[in-house]
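This report looks at a strand and its neighbours, a helix and its surroundings, and a few single residues. Please keep the sequence and the structure in view while reading.

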Amino acid sequence: MPTAAIEVSALTKRYARLAALDAVDLLVTQGEFFGLLGPNGAGKTTLISIIAGLTRATSGWVRVMGHDVAEDYRAARRNLGVVPQELVFDPFFTVREMLRIQSGYFGLARNDDWIDEVMFHLDLTGKAEVNMRALSGGMKRRVLVAQALVHRPPVIVLDEPTAGVDVELRQGLWQFMRRLNRDGHTIVLTTHYLEEAQQMCGRIAMLKAGRIVALESTRELLRRIAGIQVAMRLRGALPPALRDQVIEEQSEHIVLRLSHPRDVGAALEACRSFGSEVEELEVGPADLEDVFLQVMAEGPARSLS
Ligand code: ATP
């Protein structure tokens with residue numbers, strides 16, 4: 001049986017009266033590409049920093065590759081590479097020096113071959129001898145990713161790795177992550193770009209107000225919850241009966257979510273008999289964003305004790 005990469009059991013984190021995490025259970029299996037989604041403040045970063053051993057849980061436990069992150073911190077940490085959300089660096093070192101120092105933390109004295117490979121894949125080779133302070137935000141983020149990978153951790157956790165980075169890096173980064181995943185690394189990521197999560201992740205957990213409100217394969221999530229999306233350009237007003245189905249509206253352009261393809265005919269008929277004309281129509285499967293909005297609308301609100 002494959003060992004769990006990350007096990008989270010009854011994990012609660014309280015800040016005064018607020019439960020940032022409320023009895024979270026989660027099991028990420030080795031080799032997964034796993035997405036952790038949730039709106040701002042849902043608890044994603046708190047969960048990641050507990051996994052990384054940087055924040056203490058109020059109760060419950062977390063293991064990384066079988067090692068408890070609190071009791072067996074060093075072993076857990078060796079198995080984990082974390083790309084944090086915040087860009088914090090010592091500005092006086094070059095990129096290569098940063099990566100050598102990071103290798104040193106893990107007792108890796110001769111790590112330059114791997115450092116060169118990581119820099120190459122993150123398109124950092126040309127910046128190897130440049131001081132951190134002279135790098136752009138996007139470049140700094142690449143270094144953060146490289147830093148997380150210097151010790152070849154079997155489990156890689158990325159907290160919003162593509163926030164504020166250009167399309168080119170995003171694609172490069174995902175290509176590299178896919179390769180690492182193919183090579184057996186477990187990848188966990190949080191992102192606000194649901195399109196990315198949909199493309200990359202095999203399984204997704206959605207957090208809301210410190211609780212897991214959905215945990216399923218991406219395919220299942222899309223199939224079970226979503227229904228279909230109908231985008232149309234409507235001349236005239238939308239019939240009130242369809243108001244509840246609107247997920248996007250910009251003047252004449254309206255996107256509806258319907259639960260079944262057979263509802264399309266009824267929706268069109270409703271528009272027609274309301275005296276409004278559908279001028280363009282595009283029907284497609286709902287995407288992860290629909291699912292996300294739906295799950296978030298249904299999930300429980302935060303509880304205060
Ligand atoms: P985002 O998408 O904005 O990064 P998130 O899902 O990562 O959000 P967290 O940063 O984990 O959310 O925060 C969860 C909740 O815990 C929020 O309500 C936040 O205000 C609160 N919180 C986080 N850190 C602290 C702290 N050190 N002290 C008090 N409250 C905190």
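## Strand β3 and its partners

Two strands are taken to pair if DSSP finds at least two bridges between them. The model is a predicted one, and in it β3 and strand β9, which covers residues 203-208, pair in the parallel sense over four bridges. Within this pairing, L36 stands opposite A205 of β9. Strand β8, residues 186-190, also runs parallel to β3 and is joined to it by four bridges, with L189 of β8 as the bridge partner of G35.

How many of the residues of β3 are buried? Five of the five residues in this strand, which spans residues 33-37, are buried, and the strand is accordingly described as mostly covered. In a regular strand the side chains alternate between the two faces of the sheet. In β3 both faces are covered, since F33, G35 and L37 on one side are buried, as are F34 and L36 on the other.

## Helix α5 and its surroundings

Helix α5 comprises 13 residues, 137-149, and reaches 19 Å from its first C-alpha to its last, which is close to the 18 Å expected at 1.5 Å a residue. Of these 13 residues 11 are buried, so the helix is largely enclosed by the rest of the structure.

The buried residues of α5 include the charged-letter positions R141 and R142 as well as G138, M139, V143 and L144, and the list continues with V145, A146, Q147, A148 and L149. These buried residues pack against three helices and two strands, namely α3 (95-105), α4 (112-121), α6 (167-182), β6 (80-83) and β7 (155-159).

## Residue H121

H121 lies in helix α4, one of the elements against which the buried residues of α5 pack. H121 is partly exposed, because its relative accessible area is 24%, and the cut-off for a buried residue is under 20%.

Leaving aside residues up to four places away in sequence, H121 touches F176 and R179. H121 and A146 are 25 residues apart in sequence, and their C-alpha atoms are 9.2 Å apart in space.

## Cysteines and disulfides

A disulfide is a covalent bond between the sulfur atoms of two cysteines. How many disulfides does the structure hold? The structure holds zero disulfides.

Is C201 buried or exposed? C201 is buried, because its relative accessible area is 5%, and C271 is likewise buried, with a relative accessible area of 0%.

Conventions: Residues are numbered from 1 along each chain as its sequence is written. This is a predicted model: local features need pLDDT of at least 70, side-chain atom pairs count only at pLDDT 80 or more; totals for chains, interfaces and linings use all residues. Side-chain values use heavy atoms; hydrogens and water are left out. Buried means under 20% relative accessible area, exposed over 50%, partly exposed in between (1.4 Å probe, protein chains only). The expected span of a helix is 1.5 Å times one less than its number of residues. Contact means heavy atoms within 4.5 Å. A disulfide is a pair of cysteine sulfur atoms within 2.5 Å.
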